[in-house]
Amino acid sequence: MTEFLTYAGLFAVALGAASILPMQSEPVLVALLLLAEQPVWALVAVASLGNTLGSCINWLLGRAVERFRDRRWFPVPPEKLARAEGWYARWGRWSLLMSWAPIIGDPLTVMAGVLREPFWTFLLLVAIAKTGRYIVLTLVTLGLA
C-alpha cells in the first residue's frame, strides 16, 4: 500500500505542478530518487505521465476559455492575450518543447488550447519536453550526467 501511495502522491504533485496551481514536482522526485526504494524508470514514468496530463488539462482549459475572452470578468486583458497569441504564432507548436520551463510552460500549454493546436501534436511535443526534463533531473540527481 505504501508503494501505491508513493506513486499516487508523485503523480498528484506532478499533475498539480503542470496546472495553474503553485506546486513543484522536482523536489518530490529528487527525494524519491535519493531514497532509492522504487525503480528509477517507474518514478520518471509516473512523474512524466502526471505532468503531461496536467498540461493536457491546461490545453482543455485553453479550448474552453476562448469563448469567454470578450467578457468583462475575463482574467487576461485583451492586449496581453494578443501578445501571447503573437508569440505563439511566431514560434508555433515548437514552442511547446519549452512547456517544461518554469513561468512560461503553463501559459504555453493554455495558449496552445486557445489557438486550437491539434491535440495529438500537442501531446507528443509536451510529453517529449516533460519526460526529457525528468530524465535530465534524474541523471543529475544520481550523478550520471
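These are my notebook entries on the fold, salt bridges, pockets and surface of this protein.

**Entry 1: overall layout**

I started from the fact that this is a predicted model, and I read everything below with that in mind. I counted the secondary structure and found six helices and zero strands, so that I could write the order of elements from the N terminus as α-α-α-α-α-α. I then looked up the extent of the C-alpha trace, which spans about 50 × 30 × 25 Å along its principal axes. For burial, I noted that 38% of the 145 residues of the protein count as buried.

**Entry 2: salt bridges**

I asked how many salt bridges the protein has, and the count comes to two. I kept in mind that side chains of opposite charge can pair when their charged atoms come close.

I took the pair of R133 and E26, whose side chains meet at 3.0 Å, N to O. I located R133 in helix α6 and E26 in helix α2 (residues 26–35), and I noted that this pair links distant parts of the chain, with the two positions 107 residues apart. Are both partners covered to a like degree, I wondered, or which of them is buried and which is partly exposed? R133 has a relative accessible area of 14%, which is under the 20% cut-off, and therefore counts as buried. E26 has a relative accessible area of 25% and is therefore partly exposed, since this value falls between 20% and 50%.

I then turned to the pair of E117 and R93, which form a salt bridge at 2.8 Å, N to O. This pair also joins distant parts of the chain, for I found E117 in the loop between α5 and α6 and R93 in the loop between α4 and α5, 24 residues apart. On accessibility, I recorded E117 as buried because its relative value is 6%, whereas R93 counts as partly exposed because its value is 35%.

**Entry 3: largest pocket**

I looked up the largest pocket and wrote down a volume of about 570 Å³. Its lining holds 20 residues, and those closest to the centre are A84, P107, L108, V110 and M111. When I asked which elements give two or more residues to this lining, I found α3 (40–65), α4 (78–91) and α5 (105–114). By class, I recorded 17 nonpolar and three charged residues in the lining, with no polar residues.

**Entry 4: second largest pocket**

I went on to the second largest pocket, which has a volume of about 290 Å³. I listed 17 lining residues for it, of which A17, M23, A101, P102 and D106 lie nearest its centre. I noted that α5 and α6 each supply at least two residues of this lining. The classes here are nine nonpolar, four polar and four charged residues.

**Entry 5: nonpolar surface patch**

Last, I asked which residues form a nonpolar patch on the surface, and I found V40, I135, L139, L142 and L144. Together these residues have about 390 Å² of accessible area. I picked out L139 for a closer look and placed it in helix α6 (residues 119–141). L139 is partly exposed because its relative accessible area is 33%, and this value passes the cut-off of over 30% that patch residues need.

Conventions: Residues numbered from 1 in each chain as written. Predicted model: local features only at pLDDT ≥ 70, side-chain atom pairs only at ≥ 80, totals over all residues. Heavy atoms only, no water. Patch = residues over 30% accessible without salt bridge, like charges linked within 9 Å, V, L, I, M, F, W, Y side chains within 5 Å. Areas by Shrake-Rupley, 256 points an atom, 1.4 Å probe, with all protein chains shown as cover. Salt bridge = Lys/Arg side-chain N within 4 Å of Asp/Glu carboxyl O. Helix = DSSP H or I, 4+ residues; strand = E, 2+ residues; numbered from the N terminus. Buried < 20%, exposed > 50% of the residue type's maximum accessible area, 1.4 Å probe, protein only. 1 Å grid on protein atoms, 1.4 Å probe; cavity = no way out; pocket = protein on both sides within 12 Å on 5 of 7 lines; lining within 4 Å. Points joined across faces, edges and corners; volume = space filled by probe spheres on them. Nonpolar A, V, L, I, M, F, W, Y, C, P; charged D, E, K, R; others polar.
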